[in-house]
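Welcome! Please take a moment to look over the sequence and the 3D view before reading on.

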Amino acid sequence: MTTAGTPATPGSGPLSGVRVVELAGIGPGPFAAMLLADLGADVVRVDRPGGPGLGIDPAYDITNRNKRSIVVDLKAPDGPARVLDLAERADILVEGYRPGVAERLGVGPEDCHARNPRLVYGRMTGWGQDGPLAHRAGHDVAYIALTGTLGMIGRPDEPPAFPANLLGDYAGGSLYLAVGVLAALHHARATGTGQVVDAAIVDGTAHLSTMIHGMLAAGGWQDRRAANLLDGGCPYYGTYETADGKYMAVGALEGQFYEEFLRLVGLEEMASAHKDWTRWGELRERVAARFKSRTRDAWTAVFEGTDACVAPVLSLREAPHHPHLAARGTFTEQGGIIQPAPAPRFSATPTTVRTGPALPGADTEAVARDWGTPAPVNDGPVADAD
């Protein structure tokens, strides 16, 4: 098992040989760069002196795994030149500043493309590079609020339920940035011309709701919470509390799964309620009462090996120990930290967690050697970078 600060393993993952510069930030930018690193890219994170960070020991910030780090003060006289030296040798650069900040710092797209016309320049923001809100501050909850997606989630008689920062920052932001820069890299390798990828969380999150918009236009989706098949409105697609205060998740949408579900909970007489929404209130109450009669583990045993589409709702600490996830190696351990393994999986170019979190400034000499850039004097780890 390798440790932080060691070079990426050659030939590990489908992006082996791809060089990425990440201008350090927090949230979706680092996660997108981690995804590229997990896929085998040599990601060099350019940290700022003293930050930014998650407010935790950087040795635990696993969004910086499989990367290497140098520290550059972009406001120092030689700061921009050091980043441009890297950009000249890179395939992809990722930054998450507000619009115009990278340009003011001297590392914007024009500066980088003057040195490397093939560079893919990925920009990660919440609001995007243009529009009335482009220069405004924001966070995940505000971005997804404007797209209509936050308003879809939760009970109708309660405020919308906030899905951590998974829907906006990571699904609507990081994943779209990663797809965008890889598509642009394909174009750059075919044409010799790089480009700017404007990845906005509002755009990506709105795009995630494409199917729902189609259903809405067709009259198959009501524009209110908990009134549809997939948003908690359906009694056989949701969660139910068990006798021990835990929960089971039910997804018995199709007829054959619904019948199996009713048989296992002992409610076969409710078969005709499947498509009769006037009986959904009664069905929900009876299902809830059944689940409250046993513990979560007891119900898990009941549904084990069936096609009723029911699963226990596990905590973050419980999930790695589930037999299916354990058998697949969905989680892995590196440096004493249990964490999700790289995804997806590749038959010819398997991925792995090669190194732990890159500690700020720990890889200055190795990056200079491997990338052929000048090594600055007195540059090294920054102890207070968290």
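This report walks through the domains, a pair of helices, two pockets and two backbone details.

## Two domains

A word before we start: this is a predicted model. The protein is split into two domains. Domain 1 covers residues 19-208 together with 342-371, while domain 2 runs over residues 237-318. To get a feel for the layout, find the C-alpha centre of each domain: the two centres are 41 Å apart.

## Helix 6 meets helix 7

Next, turn to helix 6, which spans residues 166-191, and helix 7, which spans residues 201-208. Two packed helices are described by the angle between their axes and by the distance between those axes. Here the axes approach to within 8 Å and cross at roughly 100°. Because angles of 65 to 115 degrees count as roughly perpendicular, helix 6 and helix 7 are described as roughly perpendicular to each other.

Which residues make the contact? Helix 6 brings Leu 167, Gly 168, Asp 169, Ala 171, Gly 172, Gly 173 and Tyr 176. From helix 7 come Ile 201, Gly 204, Thr 205, His 207 and Leu 208. Sorted by class, this contact holds 5 nonpolar, 6 polar and 1 charged residues.

## The largest pocket

The largest pocket encloses about 1200 Å³ of space. Its lining is made up of 35 residues. If you want to find the centre of this pocket, look for Ile 62, Leu 316, Phe 331, Gln 339 and Pro 340, the lining residues that lie nearest to it.

Helix 1 (28-38), helix 6 and strand 11 (337-340) each contribute at least two residues to this lining. Helix 1 gives the most, with 5 residues. By class, the lining of the largest pocket consists of 21 nonpolar, 9 polar and 5 charged residues.

## A pocket between the domains

The second largest pocket has a volume of about 990 Å³ and a lining of 31 residues. Nearest its centre are Gly 154, Asp 231, Gly 232, Gly 238 and Thr 239. Where does this pocket lie? Both domain 1 and domain 2 give residues to its lining, so the second largest pocket lies between them.

Helix 6 appears again here: along with strand 7 (237-241) and helix 10 (280-291), helix 6 supplies at least two residues of the lining. Strand 7 provides the largest share, 5 residues. The lining of the second largest pocket divides into 18 nonpolar, 7 polar and 6 charged residues.

## Two backbone details

Most residues other than glycine have a negative phi, and most peptide bonds are trans. With that in mind, here are two spots to visit. Ala 164 has a positive phi, near 50°, and sits in the loop between helix 5 (140-147) and helix 6.

The other spot is the peptide bond joining Ala 343 and Pro 344, which is cis, with omega about -5°. You can find Pro 344 in the loop between strand 11 and helix 13 (364-371).

Definitions and conventions:
Residues are numbered from 1 along each chain as its sequence is written. This is a predicted model: local features need pLDDT of at least 70, side-chain atom pairs count only at pLDDT 80 or more; totals for chains, interfaces and linings use all residues. Side-chain values use heavy atoms; hydrogens and water are left out. Domain bounds come from an automatic or database domain assignment. Axes are lines fitted to C-alpha atoms, for helices over the stretch in contact, and angles run from 0 to 180 degrees between N-to-C directions. Helices (H or I, at least four residues) and strands (E, at least two) are DSSP runs, numbered from the N terminus. Angles under 35 degrees count as roughly parallel, over 145 as roughly antiparallel, 65 to 115 as roughly perpendicular and the rest as oblique. Contact means heavy atoms within 4.5 Å. Ala, Val, Leu, Ile, Met, Phe, Trp, Tyr, Cys and Pro count as nonpolar, Asp, Glu, Lys and Arg as charged, and the others, Gly among them, as polar. On a 1 Å grid over the protein atoms alone, a cavity is a set of points where a 1.4 Å probe fits but cannot get out, and a pocket is an open set with protein on both sides within 12 Å along at least five of seven lines; lining residues have an atom within 4 Å of a point. Grid points are joined across faces, edges and corners, and a volume is the space filled by probe spheres set on the points.
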